[in-house]
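Here's a set of exercises on how strands line up in a sheet. Grab a pencil and work through the solutions step by step.

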Amino acid sequence: EGEGNPTLLPRPVVTIPWADVVPQGESVVLEAVPLMLGGVKEFSWLITPREQGDRSVPSLAYSFFDPDGRAFAVARTDPVALRVRPGTLVAVPPRASARRDAAVIALRPALSGPARTTLPGSVWWMWIALLAPLPWLVQRFAPRALAGRAAKENAAGPSSARALLERGLRVRTGIDVASFTTPGALAAALRLEGVTPNTALAAERLRDACDAQAFSKGDHRDTTQAARERAHAVLALIEKEARRRIMPLLLLAALVASACTDPSRDDTATLRAFSEGHTAYVGRDYAVARDAFVRAVNAAPRDAAVWANLGTAAWAANDTAMAVLGWQKALRLDPRDDETRQLLARVRAPQHRGAARVWPIEPMLIAALALLLWLIGWAWAFISARRGGRARFAAVLVVPGLLLAALAGFLEYTARGRDFTVVMRPSPLRALPALGAEQGAVPLAGEVAKILERRGVWLRVALDGEREGWIPAERTRSLARD
């Protein structure tokens, strides 16, 4: 209209300069005149149809201030209908990463179950490790005490053979001979300690012979000496046979105890929320799916599949921070999950270094190898001590076992995430725990930070790139696994 007469057009004009038939794969410029204030002000945009057939350019909105009405208004264009004819040119395909990010991520179809018990949470690992040196200690120091006792008993009276048998059984098996007076009772008690039937019967017959000799008349020095030799022979067999069963029984008891202490979960609530999340996700209601998976992880906090689905639904709902939280927890429950590791690579915040790094090794495997070397080393030391040699080779196994145990502890500390947190709502890092303190760098949503100090509602965190400062705890979520 006129340059000196500013006039607002009722709606912007969108035109295609030369035709309404757009060739497929070729670029076309669409021109628009959204507003005329003191002259014509135009803008244009480039479109490239990728599919043939009838298409439509959606309407565009333009905000402006209406000086006549003294208020802000919105002008909208009409949709533009186009017919795209087949073309010989092919549009430039999008990048592989763009297609990957635009594709809908598949959910885990089923629950994976609670994560396996870890080393610090398994008390029986500690007890097995502590009891491993006991056979070597007993073999190393017990013979001296038994030799001293035998020397005293050799000078005792006719009852020294029985006393030797009684004390030897008490030391080796904890059995009190005086409590088993009925025929067959002592042999049965020895059988329960792992002694073979022949050795148990020989021990009971020796006790009966010692009792009969003690109440008979005459000089029994020759027979007493023979009885003592028989007692030493029987005790040696008992020591050898009973000790074979101690460690397997301890291992069996530890395994049973660990099986009885597995944590339980509410399967009904988990399955219901898990199914609701799947249904909402298939229906593209991603926010509802995210909330359903939040309820599922509350019911099953040690299920990696539930956490992974929470991250996937949150990512589809454009909730980056919650997506990182779900994927990070899933990866810390299952460090060898390459699929979750690839999903974390989509996030802008770094997830492969610093506090966000999760090593692709299960602490349980390293701990099991460390315990195996520890047990073999002490077993070798016990065998060497029994043969009268030195246990030098045992150190070759025990020392690496200790080093692997330290590595397993580090991996477990990283996987448990008790000192790590995810930034849910970005906020400038403060120099002091106060809102008026000097501001620093602003972390990204979904960035993982290490907690250095807690003070009230504030956390002092360290992030990648040597960034450090205070942030309100309400703007973060802990990565603690348990």
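**Exercise 1: pairing across β9 and β10**

Val422 has Val448 in β10 as its bridge partner. Before going on, a word on the model: it is predicted, local features need pLDDT of at least 70, side-chain atom pairs count only at pLDDT 80 or more, and totals for chains, interfaces and linings use all residues. Residues are numbered from 1 along each chain as its sequence is written, and side-chain values use heavy atoms, with hydrogens and water left out.

Task: Find how many bridges join β9 to β10, and the sense of the pairing.

Solution: Start with the terms: strands are DSSP runs of E, at least two residues, and helices are runs of H or I, at least four, numbered from the N terminus. Two strands pair if DSSP finds at least two bridges between them. Now the count: three bridges join β9 (residues 420-423) to β10 (residues 448-455), and the two run antiparallel.

**Exercise 2: two hairpins**

Task: Work out how many residues sit between β10 and β11, and between β11 and β12.

Solution: First, β10 and β11 (residues 458-463) are antiparallel with five bridges, and Ile451 stands opposite Val461. Their hairpin has two residues between the strands, and Gly456 in the turn shows a positive phi of about 65°. Next, β11 and β12 pair antiparallel over six bridges, with Trp458 partnered by Pro472. That hairpin has three residues between the strands, and Gly465 has a positive phi of about 85°.

**Exercise 3: the whole sheet**

Task: Put the five strands in order and name the edges.

Solution: The open, antiparallel sheet reads β12-β11-β10-β9-β13. Its edges are β12 (467-472) and β13 (476-478), each pairing on one side only.
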